[in-house]
Every structure is written in structure tokens, then in C-alpha cells.
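Got your viewer open and a hand on the mouse? Let's take a short walk through this model, one selection at a time.

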Amino acid sequence: MVEKVIIVGSGPAGLTAAIYTARANLEPLCFAGIHAGGQLITTTEVENYPGFPLGIMGPQLMEDFRRQAERFGARIHGVNVSRVDFSAAPFKVWVEGGEERPHEARSVIIATGASARPIGLPNERALTGHGLSTCATCDGFFFKGREIGVVGGGDSAMEEANFLTKFASKVTVIHRRNELRASKIMQKRAMENPKIAWRWNTAVSELLEANGKLSGVRLRDVRTGAEDLLGVSGLFVAIGHVPNTRLFEGQLPIDANGYLKVEGSSTRTAVPGVFACGDCVDHVYRQAVTAAGTGCMAAIDAERYLAAQGD
Ligand code: NAP
């Protein structure tokens, strides 16, 4: 059987594409991945998704997205895609642990997202959502009047640090070198902010924990090896994102940072019939609501593509 549309990914972008394609009678088949739900699954309360004046827990929001898509007939399977072949239509999609034979589709929507790059410390995952965060826009509000740290020296770290000074009493930027990677204007803004302190040539070597929450960090001077403690109740890690696009290497154009390329403001990739949306394309906004918006765009682009093909 050749599907009308296969969706790869199940964060806000993939599941919004599923809702829209299902309501357009395209009977989407969505490969959600074994860790379905995308980055919101690892967050706690989401307070900035419109329509939820009292906030909603990230996992609950994604469960609701999923139920909404299934209500209109989307088939959502919790399996990882292992390989794709977009060299000719119908497109071929293999899943892990699946049969030798690939699934086939006339169109594919890619919504595989991105993962925040972790520092690589043992209790990092356990403390995520409990003092450790990768999204200041999402979690900054919880640190009103507290001292917090930001790890990284790029534009994201500067943006997060500046934003967090709206809430925190003090923000310490911890960077592994003595010069920033961030653009001059972002550097200047952060340097001029009186609430931001700096720890140069410094790495976070340990996340300290009390009652299941982050209570501080151990810092190591990367030149001398000297260690000291910094008492912070929040640590925002902004050392880059890794778009989940390795699967598409050799199949679709990918930019120097690993993001899938799309034509202009559309979701069309270089292969007609293959569309991409959400954080695997977007390195600028990276919000649940913007991902959902581009998921909707991809569904409409796919629907129009199929209509033009006579489907
Ligand atoms: P980035 O530019 O790659 O910067 C990552 C930073 O994290 C670098 O300072 C890097 O240190 C540090 N780092 C990387 N791995 C690390 C590790 N394992 N431990 C400690 N530190 C580590 O990433 P980004 O800041 O997320 O920006 C990504 C892209 O989005 C960039 O093109 C950026 O310009 C753009 N962006 C733009 C805006 C804006 O214009 N408003 C905002 C955010 C992002 P080194 O410097 O030593 O390599």
C-alpha cells in the first residue's frame, strides 16, 4: 500500500501536521519515535502555549496533541525511522525492527526536531526540569529573585542570560574560553547588563543536588584545574542544539549547522513531495507554538502538492 503521507516525528510540528493532514482525509501514518512527544516531554509546566491561561504540563500537552490527531484518524506508531530513500516517488521509509520491506508514501513530512546539546554530566537528565533547563523562555519565570547560571558563550547563551535577568537576582555566565562566540551586538548587550557576572575559562564539572533539585555547581578552571563551588538554584545550558537530521544526510540538502534546508518561507525541501518543519529546520525561534505553526504549513504544502498530482 502506498500512503498519501508519512510524518516522521511527533513533537508539536509532527503532531500538528498529523492533525491537519488527518482532517484533510490524507490518513497520515506518523512514525513518532520511541521517545514520542519531542522536547516538551522533558519539560515541566508550559506557561506560554496560547490557549492555556493556567499553564499545562509539557507531557500532557503532547498527549492532547496526539489524541486530537488520532480523533481524526491519524495512525501514530511509536517506532524510530531507520532509513529513508527519497531518490524517486513513491518515497521509501524503513522503521527500526520492522520488516525488510519499506513503507511507501507519495509525500513525507519531516518533523524530527532538535535536541539541546547536553554538557555530558551523569545526573543531567534527572535534574532537567528540577533546576536544570535548556529554555529560558520556558523556565525563566520559575527563578524570580534567585541566583542562576548560564553555560555557553554563543548567541543563545547571551540571549538566555539577558532574558533571565528579568527574573533572577544575578546571572553568572560560565564559558569554557576567555572570549565569546556570540555576535558583537549580543556580547555588548550582555556585557553592559549589571546583573550578569562572568566566569571565563570555566567548565561545569559537577551538578550538585539536594532533595532531587539542583543546589549548585562545581566549576573547574580549564587552565589550572582549580575547582570551586557556585551556589545557584538554576542552571541554563545553552551550548547549542543538535538538529535530528542525520537520517537525511545524502537525501536532502542540509546546512552547515545540520538543519534541513527549505525553499523560502515554505516547508518544501529540494525534493518535491518531501516537506520539513519544526526545529529540524528552525534554529532561530525554536518554540512549541512556532513548531506547531510550521507543522500546519507542512500539512497544507503536502495537501496542495498531492492535489496537484491528482490525488
Ligand atoms: P553556538 O553558536 O554553536 O555556540 C555554542 C556555545 O557553547 C559556544 O560558545 C561553545 O563554546 C559552547 N559549547 C559548545 N559545546 C560545549 C560544551 N560541550 N561545553 C561547554 N561549552 C560548549 O550555538 P548557539 O548559541 O545555540 O547558536 C546557534 C546558532 O543560532 C548560531 O548561528 C547563532 O548565531 C544563532 N542564534 C542567533 C540568535 C540571535 O541572533 N538572536 C540567538 C540564538 C542563536 P566555544 O565558543 O568555545 O566553541
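Which residue in β7 is the bridge partner of Val 84? Keep in mind as you look that this is a predicted model. Select Val 84 together with Val 93: Val 93 is the partner you are after.

**Stop one: the two strands**

Now widen the selection to residues 81-85, which make up strand β6, and residues 91-95, which make up strand β7. The two strands pair in the antiparallel sense, over four bridges. To get from β6 to β7, follow the hairpin, which joins them through five residues. While you have the strands up, here's a handy thing to know: in a regular strand, side chains alternate between the two faces of the sheet.

**Stop two: the ligand**

Next, click on the ligand and show what surrounds it. You should find 14 residues around it, and the closest are Asp 155, Ser 156, Arg 176, Arg 177 and Arg 181. What kinds of residues form this shell? Two are nonpolar, seven are polar and five are charged. Color helix α5 (residues 155-164) too, as this helix gives the largest share of the shell, three residues.

Zoom in on the ligand's oxygen atoms and check these contacts:

- Asp 155: an N or O atom of its side chain sits 2.6 Å from a ligand oxygen.
- Arg 176: here a side-chain N or O atom is 2.9 Å from an oxygen of the ligand.
- Gly 153: this time a polar backbone atom is involved, 3.0 Å from a ligand oxygen.

How much of the ligand does the protein bury? Taken alone, the ligand exposes 910 Å², and the protein buries 72% of that.

**Stop three: the cysteines**

Now select Cys 135 and Cys 138. A disulfide joins them, with the sulfurs 2.0 Å apart. A disulfide is a covalent bond between the sulfur atoms of two cysteines. Turn the view to look at the S-S bond: the link between Cys 135 and Cys 138 is right-handed, with 75° about that bond. Cys 135 counts as buried, at 15% relative accessibility. Searching the whole structure turns up one disulfide.

So why is Cys 30 not bonded to Cys 277? Select both: Cys 277 holds the closest cysteine sulfur to that of Cys 30, but it is 10 Å away, so it is too far for a bond. Cys 30 is also buried, at 0% relative accessibility.

Last, select Cys 280. Its closest cysteine sulfur is also in Cys 277, at 6.4 Å, and that is too far for a bond. Buried or exposed? Cys 280 is buried, with a relative accessible area of 0%.

Key
Residues are numbered from 1 along each chain as its sequence is written. This is a predicted model: local features need pLDDT of at least 70, side-chain atom pairs count only at pLDDT 80 or more; totals for chains, interfaces and linings use all residues. Side-chain values use heavy atoms; hydrogens and water are left out. A residue is near a molecule or strand if one of its heavy atoms lies within 4 Å of it. A polar contact is a pair of N or O atoms within 3.5 Å; within protein, one must be able to donate a hydrogen and the other to accept it, and residues adjacent in sequence count only if both atoms are side-chain atoms. Accessible areas come from the Shrake-Rupley method with a 1.4 Å probe; for residues, only the protein chains shown count as cover. Ala, Val, Leu, Ile, Met, Phe, Trp, Tyr, Cys and Pro count as nonpolar, Asp, Glu, Lys and Arg as charged, and the others, Gly among them, as polar. A disulfide is a pair of cysteine sulfur atoms within 2.5 Å. Buried means under 20% relative accessible area, exposed over 50%, partly exposed in between (1.4 Å probe, protein chains only). Two strands pair if DSSP finds at least two bridges between them.
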